[in-house]
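Let's work through a few exercises together. Each one sets a task, and a solution follows in small steps.

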Amino acid sequence: MKNISFTGLHARLMLLVLAVIVPALGLIFYHRMEDKNADRLQALYDARRLARNVSSLYEHTIMEIRHILFTLSQMPQFHAQDSAACSKIFADLLKQTENFSGFAAAKPSGEVFASAPPITKPVSFSNLSWFQRVLQTRGFTIGEYSLGRIGDKPTIVLGYPALDDTAQLTTVFAAGLDLERLQRMLLGVSLPDGAILIVIDSDGTIILHFPDLEKFVGNRMSDKIIVQTVLTQKDGVMEEVGLDRVPRLYGYTTVGSGIEAIHIIVGIPAQVAYADLKRNTIRDFTLLGLVSALALLGAWLFGKIFIISPVNRLLDATKQLAGGDLTVRVNRSANTGELGLLALHFDKMAGALQRREEERKLATEALRENEEKYRLHFENISDMIFSYDQEFRILSVSPSLERMLGYKPEEFIGKSLAELNIISRDDLQRVFSDATQVFAGKNIDSTTHEFVTGDGARKYGELSSAPLFRDGRVVAVVSVVRDVTARKCAEESLRLSEGKYRALTESLADLIYRADPETFAATYVNKAVERIYGYSVDEWLRDSSLREKAIHPEDRERVLAFYGKAQKAVHDGIAEYRIIRRDGEMRWISDRFAWEKGTCGKVVSFNGIMSDITEHRQAEQALRQQREELSRFGRLATVGEFAASVAHEINQPLTAILNNAQAAKRILSSDTPDIDEVSACLQDIIDDDQRAVEVIRHLRSFLKRQDAYRTIDINTVIEEVLKILYREIVDRQVRVTSYLSPDIPHIEGRRIELQQVLMNLILNGCDALMNLDPQRRQMHIRTSVDEPNSIVVAVQDSGTGLDKIEIDRVFEPYYTTKIEGLGVGLSISKSIIAAHGGRIWAVNNHEGGATFYFTLPISKEKAVSS
Amino acid sequence: MNPRSVVYVIDDDVSVRKSLERLIRSAELSVQTFSSAHDFLSRTLPDYPGCLVLDVKMPGVTGLELQEKLTEAHRFIPIIFITGFGNIPASVQAMKAGAVDFLEKPFDDKTLLDAIHRAINRDIQHRQKNTELAALRRRSESLTNREREVFELVVTGMLNKQIAFQLGITEKTIKVHRARIMQKMAVQSFADLVRLAERLK
């Protein structure tokens, strides 16, 4: 506190306060000037207004006097110039009015013949100027100031002539106006304090002066500036130092003209005019002074409490901190405002410094420990560390040198890398060129080189080098060599086996791919992509959209949805769909895909194998078509629809025939049979019969039309039928075994018809097995050469067999043992086999069940050739 | 047998149609044949009693559909259906809709001709009933309003006295009305009158 001086914060605060006060001071001055000007104008205006008011009063008074004098001039006593009577009237008049000092009447010669107060000796006005002017103008005249010609009071004489009937001037009246009374009258106009009223006549003589009339009246003042101005300007205002040396504001005006002119001046003292102004100025400055004093005091106290003392505390703390005491704190509780924040941050800074100091101590400690540790590491590390200078001379080397290359560190120190011969000749050049780069300030990481050990063995080392700077200059290179011989060997064997698998995958006909599990962009694909899609491996890997684009437009939506679903659920699966190859050909592919998960369970790859299944599909398609064709025919032949259609076709002509026959019979039984009608009946019967025959022929040719005779291998037909019936056989859980003679001769036959026969036999056999347990449902199909010219086919079941009657009748039309059967299957089979020139029959097996046989003649050419 | 009766045969098969025509004609019945239902419907038929021999299965409008159409048009004509093979649901439907017979082709001549006679008789009866009813209607329409009022009350079994009271006329007037009604409706007894009223309903 003692150290505070005005150059400090306090003085600056004071200056700040003053900086606020000075403009206020200036403002007050300015306003005062403005007010003064207004007050001055107001005072000048007031003065002139007063002057004009006084002039009005004066004029009024003169008018009254003129009336009195006119009245006197009309009185007969004055015409008669009766001295005693006139004096008496004057005396009465004087008694009644106070304003006059006296009255007189004179003859035109100037001789006074009556007066009041009475004159003691003869008086003549003849040489007086006003009298001369009355004689001259024969009108009312105001005389100059005179003292005591009538009475002894300051007086102004007013003259008026009296004329007789012939307009001859007979008498001149004189009225002496008491100036003191006039002044009192004029002062009916109230003047402000200290104001003066001056009336002067045309030659500058003071007629009236208020106050101090006695002192100034009668003085001629024409040499004064005021008087001169008034005499010339007649009406106006001015500010001047007055006759009494007092500064005043004047207003003046003039009544009358010429020699009779009267000038009225009113002066208001400047002191009076500016009284309010002065008072207000004093009050304002006093207030300003007080406020300034208070403000300075407030600033002083505020600065002391809120600024100086916290700053001092901060200052003290800083001094302590500078002295090395890091524990010092300001501890300001209210940490608001800049000073609060300053204190807070000071504390933080001190805290940080303290912490850093502690950390530094710990770090130094740790550094020492580390140094110890690193030294231990350096000595025990398996990697070899060494440094060398610009000349490639070894500066230091770790003890691991011995383990890695079989040298002692002492052998190396000071020797050049080139002479040491530890790096194979092929790699040495590269090491040196790398080293020059390191000397240029670069780091070289993990370059693998071949090293030579002391006993001549080869080792692989991974070399990393870094520059060692001193004073911004590279002075040495530090290198670390890691023995990677084992890894190198492993890599090589891996590469070999990888190459093996690669060769394998590349040689596959199926497409193998790996792809990004999010975008499906291929990351690997084997060469098969060329065969299946027509794109090269490079093209496929470059354009990830090819896979999607190649999907057949009709399949695209379904396939993409399928993949999308599998992707969401991470489900492995198989997708079969069509693609359009690059050359526009459509292929069917089957994609067996799987999601590969990484060690942490995340899907890392989308892998799959695509096979071209086009041929497979086409075969399937062909089979399906064949089956449909057969079943269509089979359905027509076996199911009632065909029978119904045939029945209707034949029924119609039969009905007509019967109707006609019955009609004919009726006609013939009548008394007069119409033979023509009977003949017509018979003709119709013939026609209808032919029609029926036609229907049957048509039916035969329809059955024939389906199939033409060809050279056939019966084994193939059996295999086809088993393929067609695969589903039915599986559904019925029947085990079918075929023993097909491999060198069975070909036969001539209709393939579909023979298929039909076999289907009937197999399905009948299956039906016969349905009552058995599934494991006992067995069926054997055999083919063999029977007689020299025919083959035999046997369909054997393990069912219940047929009874005696069934064996005989089973091939008859409409004979059936099955509830839902129509009984045409076997009869049609029989007719088919018969048409082929073969036989069909059934026998019961000894071991149970029945066997159906049929024979077919061997094809002529084949029979001959075999 | 009414000589003025017609058998209409509809069958799409020309030989069946022809043989049927011949058979029916041999039984001394007049026959008209049509090859389709449409053909039959487009022809104006004479106002004679008759019947229809109709094949069930025909291209275009089938026999059953024709039966439906005739019913919808309020054309009453007995129908004998003939069919190639017995179809139970179809025959049930046909019989329900008022067919006289349902014959399976081929059929015995007697079976067909008996069926035809039965059908024609039925048509004749139906026509007679219709004619009588028409006459009856005409007669009942010849009654005056007052007579009709009396008629309607009489047949309910009310006594003359009651009727007179209800209508506000004398019993004697009622008696006069009753006599007039009996005369106009051409009945001899009160019982006949009640029966007539039943039929008119």
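Helices (H or I, at least four residues) and strands (E, at least two) are DSSP runs, numbered from the N terminus. A quick word on ground rules: residues are numbered from 1 along each chain as its sequence is written, while chains are lettered from A and ligands numbered from 1 in the order in which they are written. This is a predicted model, where local features need pLDDT of at least 70, side-chain atom pairs count only at pLDDT 80 or more, and totals for chains, interfaces and linings use all residues.

**Exercise 1. Find out how many helices and strands chain B has, and in what order its elements run.**

Step one: count. Chain B has nine helices and five strands.
Step two: walk from the N terminus, and you read β-α-β-α-β-α-β-α-β-α-α-α-α-α.
Step three: do the count for chain A, which has 28 helices and 27 strands.

**Exercise 2. Work out what share of each chain is buried.**

Step one: get the term straight. A residue is buried if 20 or more other C-beta atoms lie within 10 Å of its own, exposed if 12 or fewer, and partly exposed in between, with C-beta atoms placed from the backbone.
Step two: apply it. In chain B, 30% of the 201 residues count as buried; in chain A, 25% of the 866 residues do.
Step three: try one helix. In α25(A), 15 of the 19 residues are buried, so this helix is largely enclosed by the rest of the structure. Helix α25 covers residues 751-769 of chain A and reaches 27 Å from its first C-alpha to its last, close to the 27 Å expected at 1.5 Å a residue (the expected span is 1.5 Å times one less than the number of residues).

**Exercise 3. Describe where chain B touches chain A.**

Step one: two residues are in contact if their C-beta atoms, placed from the backbone, lie within 7 Å.
Step two: by that rule, 15 residues of chain B are in contact with 20 residues of chain A. Helix α1 (residues 14-26) of chain B gives the most to chain B's side, with eight residues.
Step three: sort that side of chain B by class, and you get six nonpolar, four polar and five charged residues. Here Ala, Val, Leu, Ile, Met, Phe, Trp, Tyr, Cys and Pro count as nonpolar, Asp, Glu, Lys and Arg as charged, and the others, Gly among them, as polar.

**Exercise 4. At what angle do helices α5 and α9 of chain B pack, and which residues meet?**

Step one: α5 (residues 109-141) and α9 (residues 190-200) of chain B pack at about 105°, with axes 10 Å apart. Axes are lines fitted to C-alpha atoms, for helices over the stretch in contact, and angles run from 0 to 180 degrees between N-to-C directions.
Step two: that angle makes α5(B) roughly perpendicular to α9(B) (65 to 115 degrees; under 35 is roughly parallel, over 145 roughly antiparallel, the rest oblique).
Step three: B:L133, B:L136 and B:S140 of α5(B) meet B:L196, B:R199 and B:L200 of α9(B). This contact has four nonpolar, one polar and one charged residues.

**Exercise 5. Repeat this for α7 and α8 of chain B.**

Step one: α7 (residues 160-167) and α8 (residues 171-184) of chain B pack at about 110°, with their axes 8 Å apart.
Step two: α7(B) is therefore roughly perpendicular to α8(B).
Step three: B:N160, B:K161, B:I163 and B:A164 in α7(B) meet B:E171, B:I174 and B:K175 in α8(B).
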